[in-house]
Amino acid sequence: MRVYFDNAATTPLDPDVMKEMYKVMENQFGNPSSIHAHGREARTLIERSRKTIAGLLHTSPAEIFFTSSGTEADNTAIRCGIIDHNITHAITSHTEHHAVLHTLEAMEKSGLIKLSFVNIDSKGTIDYDHLETLLKENERSFVSLMHANNEIGTLSDMERVGDLCETYNAIYHCDTVQTMGHYPHDLSKLKAHFLVCAAHKLHGPKGVGFLHINHKIKIKPFIYGGAQERNMRGGTENIYGIVGLAKSLELAYSEMGQHQSHIQGLKSYMMEQLTANVPGVSFNGETDADKSLYTVLNVSFPEMEMSDMLLFNLDIAGISASGGSACSSGSDIGSHVLTAIGASSSRPSVRFSFSKYNTKEEVDFVVAKVRELCAVNV
């Protein structure tokens, strides 16, 4: 048996998405920038996809810009949002995705900004009072705080952050890669300037995503070269990927309640079974269902011999997952997220992440294998 519990890294392509993409691959190969019939057909598909996405998110198609990935979208929002608006101070957290952290750290190193980190607690929850203090002390800041942490699942309160940013005239960028398609986003009400999506996190294709840019803010292109994306991103559009992205988001919204109930049930069941069968197990991040991403469960196991081999042994046992331990030294390559929340570097941690395709039987299989591995390593 082979079990895939690494859906936070990437998800399997939905068969209906594949069919939709294949139809385009077979019949529409034109360059969307060409004015002849083949080009116009391709352009129509892109704009139809943009309209579909905008409708689901309650925003204007003019605010959706297609990219090659969530990382490109994050970089565009951060670098252009800061440089084009002459921002000299940015606020983020130590648990952000490296697409955000590394970009901001590089900008600080080059002298473009001063970077502040908002306090978080042992579950990775933002200290909103500290965030307000930082905003008060630094006029016109750039704030980059993700909606859900990709390693431990802790959710941020986007509405609260948005309100604070509006109060203190800050620009708000939110990495929503892990939650787009898993939670409803009403962009007509949300006070965020930039949101990000990567199709492969919601059963769409790799190599395509989008950046939502609120109409209240203007930026220059991050990638120059052509007039694509209304002069905002040079480069021929990935028409197959864009169609797949729109279809995957459409499917996600049509089945969201059903899938959330199913996946949350799997997560809760795994927590119960691990607690009952593996002495000393604990969970990293927020575990309250209302405050935690339902697709992610980060598990901390008891200290064991050769703890660094746990993921390898799970793979040998037929289980695909990811994780690691907190960094034990400055040169140690571990999880910066677990380190930031004060997790023990001597306890191995594994992130199990679920999708609509996972089953209770797979959870039972994983728990049984984990129990065996932990018993062997006692």
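**Cysteines**

I started with Cys-174 in this predicted model. Its relative accessibility comes out at 0%, so I put Cys-174 down as buried. Next I wondered which cysteine sulfur is nearest to that of Cys-174. It belongs to Cys-165, 9.9 Å away, and Cys-174 takes part in no disulfide. I then looked up Cys-197, which is also in no disulfide. For Cys-197 the nearest cysteine sulfur is the one on Cys-174, at 13 Å. Cys-197 has a relative accessibility of 0% and therefore goes in my list as buried. How many disulfides does the whole structure hold? My search of the whole structure turned up zero.

**The nonpolar cores**

On to the cores, with a reminder to myself: nonpolar side chains in soluble globular proteins tend to be buried together. Here I found that the largest nonpolar core has 46 residues. Ile-53, Val-143 and Phe-210 have the most contacts inside this core. I also asked which elements each supply at least two of its residues. The helices on that list are α2 (37-57), α5 (128-137), α6 (158-167) and α8 (239-254), and the strands are β2 (64-67), β6 (171-174) and β7 (194-198). Of these, α8 gives the most, with eight residues.

I picked Ile-53 for a check of its neighbours. Leaving out residues up to four places away in sequence, I see Ile-53 touching Ile-64, Phe-66, Phe-210, Leu-245, Ala-246 and Leu-249. Another core lies apart from the largest one. I noted 35 residues in it, including Phe-5, Leu-293, Val-299 and Cys-374.

**Asp-74**

Asp-74 was a nice one to look up. I located it in helix α3, which runs over residues 70-83. What does a buried Asp-74 have around it in the way of opposite charge? I found no salt bridge for Asp-74, and the nearest side chain of opposite charge, Lys-201, is 9.9 Å away. A salt bridge would need the two groups within 4 Å. Setting aside neighbours within four places in sequence, I listed Ala-99, Val-100, His-173, Asp-175 and Val-196 as the contacts of Asp-74.

**Ser-344**

My last stop was Ser-344, in the loop between α11 (336-340) and β13 (349-353). Buried, exposed or in between? Its relative accessible area is 34%, so I recorded Ser-344 as partly exposed. Its side chain makes a polar contact of 2.8 Å with the side chain of Ser-346. I also took the separation of Ser-344 from Phe-194, 150 residues apart along the chain. Their C-alpha atoms are 34 Å from each other.

Notes. Residues are numbered from 1 along each chain as its sequence is written. This is a predicted model: local features need pLDDT of at least 70, side-chain atom pairs count only at pLDDT 80 or more; totals for chains, interfaces and linings use all residues. Side-chain values use heavy atoms; hydrogens and water are left out. Helices (H or I, at least four residues) and strands (E, at least two) are DSSP runs, numbered from the N terminus. Buried means under 20% relative accessible area, exposed over 50%, partly exposed in between (1.4 Å probe, protein chains only). Lys and Arg count as positive and Asp and Glu as negative; His and the chain ends are not counted. Contact means heavy atoms within 4.5 Å. A polar contact is a pair of N or O atoms within 3.5 Å; within protein, one must be able to donate a hydrogen and the other to accept it, and residues adjacent in sequence count only if both atoms are side-chain atoms. A disulfide is a pair of cysteine sulfur atoms within 2.5 Å. A nonpolar core is a set of buried Ala, Val, Leu, Ile, Met, Phe, Trp, Tyr and Cys residues joined through side-chain atoms within 4.5 Å.
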